Amino acid sequence: MKKTLDMVKKGRRARVRGLCAKGKLLHKLLDMGFVNNVEIEVIREAPLFDPMELKIHNYHLSVRRSEAHLIEIEEQE
Amino acid sequence: MKKIKVALAGQPNCGKSTIFNMVSGIEQHIANYPGVTVDKKVGFFKYEEYKVEMVDLPGTYSFSSYSLEERTAKEFIIDESPDIIVNVIDASNLKRNLYLTFQLLEIGIPVIVVLNMMDVAKRRGIEVDSKKIALMLHCPVIEAIGSRGVGGEELMKSIVATHENKENYEEFKINYEELEPHISLIEKEIEGVTSNLKKRWQAIKVLEGDTTIIERLKQNIPNIEERAKQEERVFHERYDRDFPSFLASVRYESADIICHKSIVEKNIKKETWTDKADKILLNRYLAIPILVFIMFLVYEISIVWGYKLTDYTWPLLAAMKNFVVDILPSADIIDVPMITDFSIWMVNSANALMNYIPIFFILFALIAIMEDVGYMPRMAFILDRVFRKFGLHGQSTLPLVLGGAMVGGCAVPGVMATKGIADERARMATILTVPYMNCLAKVPFYTLILGAFFKPDMALMMFFISTVTLFIALIVAKIFTSTILKTRETAPFLMELPPYHIPTFKGVIIRATQRVWVYIKKVVTIVLAVAIILFAMLQFPGLSKESQAKYDAQVETMLQKFDKKMNTNGYYKEIDTREEVSSLLNYYDAYKAKRMVATSKESAKAIDEEYLKRNAIYYKFLKPKNDKDAKKINASLRKLSKERKRILRNVKNEKIENSLLGMTGKFVEPVTQYAGFDWKINVAFLSSFAARESAVATLGSIYENNKADGMRAEEAMALNSGYTPLHAIAIIIFMILTPPCIATMIVVKIQAGSYRWMIFAIFFPVILGIIMSSLVFSLGSNYQWSGIEAMSYFYLTVVLLALILGLFPNRSKNWKGGIEIQNNNVQ
């Protein structure tokens, strides 16, 4: 099974391997920097567990789990 | 003087507006971009022999056509062809900011890069070499600290220098490597099309699938879209990649290269202030209590303290009213000239709205501070999960709180605060639901009715009223987003959590003032127009001949009584004609009205002196001291004044009953009777449309009649109306759901962008209100519910319904993603 970003635990890092999105969502993800191989760190989850806060290209971004589910990743050590 | 047109572009949170405020000062104005609700800020300044016009483009992360802001920004560049683009970038977040810079450089218009927030970068241990960046980007790069006004002079100098050297402009090119042959092919394709835009830029945009550019090119080359698709197929076959992701990768890689060459980062691992603050503010257990506390504080400072502030500003408005009354023709006993009546009505209507300006100013300033600090997206982050369930967005929190999540708010700033919501469907849903929240001006109305019918249970009822509104708003939002708004665009939730910043005083004040000004300009003017219509509807057709004669006779008896009492008085010759009595009465009432609003001893004294000067003899009747005859006149005068007021009130009530508005109230009675409303309540609701305050005034004056003055409105109502507590509950339920005031409807129109939504926002709640209150009233009468029972059942039903609806998932339309395409369409 492919791993997606919503499975990554708080404090862990991962690299983007692919995006399962089209059109507007794909463009938005690319504009925010979800390009191949970029490193992402999961900073924290919201108090109600969704959305999650990420660190990407040295800035902080929040993403709903439903969107994070569309980002394929490979976990880093 | 020569003119330079400058477009200011930059990503959100790069400090673009501080740079804008720094160079254009207060000489700026807000308009809309043609056809859309996006704000267009334009500033002007002079430098050397140039007049510079600077247009603040909407902040966007990219320059494609996938959001309203991006489309708007691009259309401005294409249609208005500015001379220079100034690109503000956050020096502490260089890489992502450069992503936009590359796209701006490609356009072919000279770009000046402003490296803003140099101080923040330095504090974080990031050393930026701006000269190296300038060398690599082939454009001037200026270091700036917008919040401290550093870099403004250099920017202006650079704008002029770049403009003068326009001919020597050095083109910047990113090498898109494998993509280059495709770009050249499209470039050749569009060679014949005359346009002032760079061919290369257009070619890249065509390959990106940019709708704005493709639509324009289609006029000359109808098959351009197919050509682009064809290229993409070839490219996809050869490299197994798509254009959008390839372009993004190249741009991010290029940004990475520039960052590596121009930045030295020390202590990377060190925690920033923002990280430390977020550990507390976004802490799993503390985040929600802190958010509630901050909301409470905003509410307390703006609504509660702001309301107290109006105690000090109200006398100013009252003084204005007195001034207007002074210069108008005065009344002859009960014959008030139409112009006087009309002007007083208009001043009252204006004052009712102007009274909120202190509250709005504080509120807008606090919102500006929260925006600048960076707390807004955090608020959305914390509560998104709750609101999403109802089709709203985390960013709906603030509008709903302002609309009145607690005892009372105001929908006007609430609706205005919906501007930043990224998701179009959630934004529309928020605009349409904020008016359901608990309006501050409804509170006196509730107090009146609760005081009349629910004295012992007032606290419980007030709790029901103020908490039920949020559930109703959520239900309505859910209904709208799954029906009429179903097909609206939704946006993916990808929201930046920017570093915290200390806001600048200037920026906050400018923004708060601008928003208050929008309120005055757009809302107050239209409300006044509606006030004119309402006035006409209340005045015409007026009293019948018989009633007029009846009231004239009453006046005659009143005057004769007065005359009889006075004719032995020493001052009789001063008051022995009707004209004299009339002017004395006016003098007396005007004096009393002015003394009522005098706040200090000095001002009271000034009024005394003014009236002494105006008429020394009449003044004796105001303050008789030891003069016996004057004392007698004083006593009779007081009675006379009271009697005149009573007749005037009767005249007014009869006028209302016979007026067009009264007729309308009676006309809809067959429908409203199921909710237990008679025409009087209908009239009160109708008149409350202008401003809710008037509902209380109208009801008050309808029920006050004929009884001695000592009785308060609520007692009079309970006694005279013949209503039961169940009637009162029906009235309260209707008031909770409606009526939206015009001021709110105007901002709904501004934010939703069409009159059709405004009309919808007026009629939907009215119909819903009638249905709900009829339902409760009929059920209640049938099962003999008491008022409290009826309200409790209503409350429980609403809360349950909200919880159940929250369990249904919301569908997101108009952007694709998700499991169904997971396997066949991976980047």
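How many bridges pair strand 3 of chain A with strand 4 of chain A, and in which sense? The two strands pair over five bridges, in the antiparallel sense. This report starts from that pairing and works outward. The model is predicted.

## The sheet shared by chains A and B

Strands 3 and 4 of chain A belong to an open sheet of six strands. Its order is 5(A)-1(A)-2(A)-3(A)-4(A)-10(B), and the pairing is antiparallel. Strand 5 (71-75) of chain A and strand 10 (494-496) of chain B stand at the edges. Each has a single partner strand, so one side of each is left without a neighbour in the sheet. From one strand to the next, the twist averages 40°. Strands of a sheet pair through backbone hydrogen bonds, either parallel or antiparallel.

The table lists the strand pairs, with one pair of opposite residues for each.

| Strand pair | Bridges | Opposite residues |
|---|---|---|
| Strand 5 of chain A and strand 1 of chain A | five | A:Ile71 and A:Leu19 |
| Strand 1 of chain A and strand 2 of chain A | three | A:Ala14 and A:Ile40 |
| Strand 2 of chain A and strand 3 of chain A | five | A:Arg44 and A:Glu53 |
| Strand 3 of chain A and strand 4 of chain A | five | A:Ile56 and A:Tyr59 |
| Strand 4 of chain A and strand 10 of chain B | three | A:Val63 and B:Leu494 |

Two of these pairs are hairpins. Strand 2 (residues 39-45) and strand 3 (residues 52-56) of chain A form one with six residues between them. In its turn, A:Phe49 has a positive phi of about 75°. Strand 3 and strand 4 of chain A form the other, with two residues between them. Here A:His57 has a positive phi of about 45° in the turn.

The link between the chains is the pairing of strand 4 (residues 59-63) of chain A with strand 10 of chain B. These strands run antiparallel, joined by three bridges. A:Val63 stands opposite B:Leu494 there.

## Chain B overall

Chain B has 827 residues, and buried residues make up 41% of them. It holds 36 helices and 10 strands. Along its principal axes, its C-alpha trace spans about 110 × 70 × 55 Å. Of the contacts in chain B with a separation of 6 or more, 73% are between residues 24 or more positions apart.

The domain assignment gives chain B three entries: domain 1 (2-168), domain 2 (177-272) and domain 3 (545-655). The centres of domain 1 and domain 2 of chain B, taken over C-alpha atoms, are separated by 22 Å. Their contact takes 24 residues from domain 1 and 25 residues from domain 2. On the domain 1 side, the elements giving two or more residues are helix 2 (68-80), helix 3 (94-107), strand 7 (126-128) and helix 5 (130-137) of chain B. Helix 3 of chain B gives the largest share of that side, seven residues.

## The nonpolar cores

In soluble globular proteins, nonpolar side chains tend to be buried together. In this model, the largest nonpolar core has 216 residues. Those with the most contacts inside it are B:Leu8, B:Val114, B:Leu115, B:Ile732 and B:Ile733. Helix 21 (residues 458-482) of chain B gives the most to this core, with 12 residues. Domain 1 and domain 2 of chain B both give residues to this core, so it lies between them.

What surrounds B:Val114? Leaving aside its neighbours within four places in sequence, its contacts include B:Ile19, B:Val86, B:Val88, B:Ile89, B:Ile142, B:Ala144 and B:Leu155. B:Asn87 and B:Gly151 are also among them.

A second, separate core has 14 residues. Among them are B:Leu584, B:Tyr588, B:Tyr618 and B:Phe621.

## Helix 27 of chain B

Helix 27 of chain B covers residues 628-658, which is 31 residues. At 1.5 Å a residue it should span 45 Å. Its end C-alpha atoms are 45 Å apart, so the two values agree.

Which residues of this helix are buried? They are B:Ala630, B:Ile633, B:Leu637, B:Leu640, B:Arg644, B:Val651 and B:Ile656. An α-helix has 3.6 residues a turn, so residues three or four places apart point the same way. The cover over the buried residues of helix 27 includes helix 22 (505-539), helix 23 (545-566) and helix 24 (578-597) of chain B. It also includes helix 26 (616-622), helix 28 (660-667) and helix 30 (679-687) of chain B.

Definitions and conventions: Residues numbered from 1 in each chain as written. Chains lettered and ligands numbered in written order. Predicted model: local features only at pLDDT ≥ 70, side-chain atom pairs only at ≥ 80, totals over all residues. Helix = DSSP H or I, 4+ residues; strand = E, 2+ residues; numbered from the N terminus. Expected span 1.5 Å × (residues − 1). Buried ≥ 20, exposed ≤ 12 C-beta atoms within 10 Å, placed from the backbone. Contact = placed C-beta atoms within 7 Å. Core = buried A, V, L, I, M, F, W, Y, C linked by C-beta atoms within 7 Å. Domains from an automatic or database assignment. Pairing = 2+ DSSP bridges. Axes fitted to C-alpha atoms, helices over the stretch in contact; angles between N-to-C directions.
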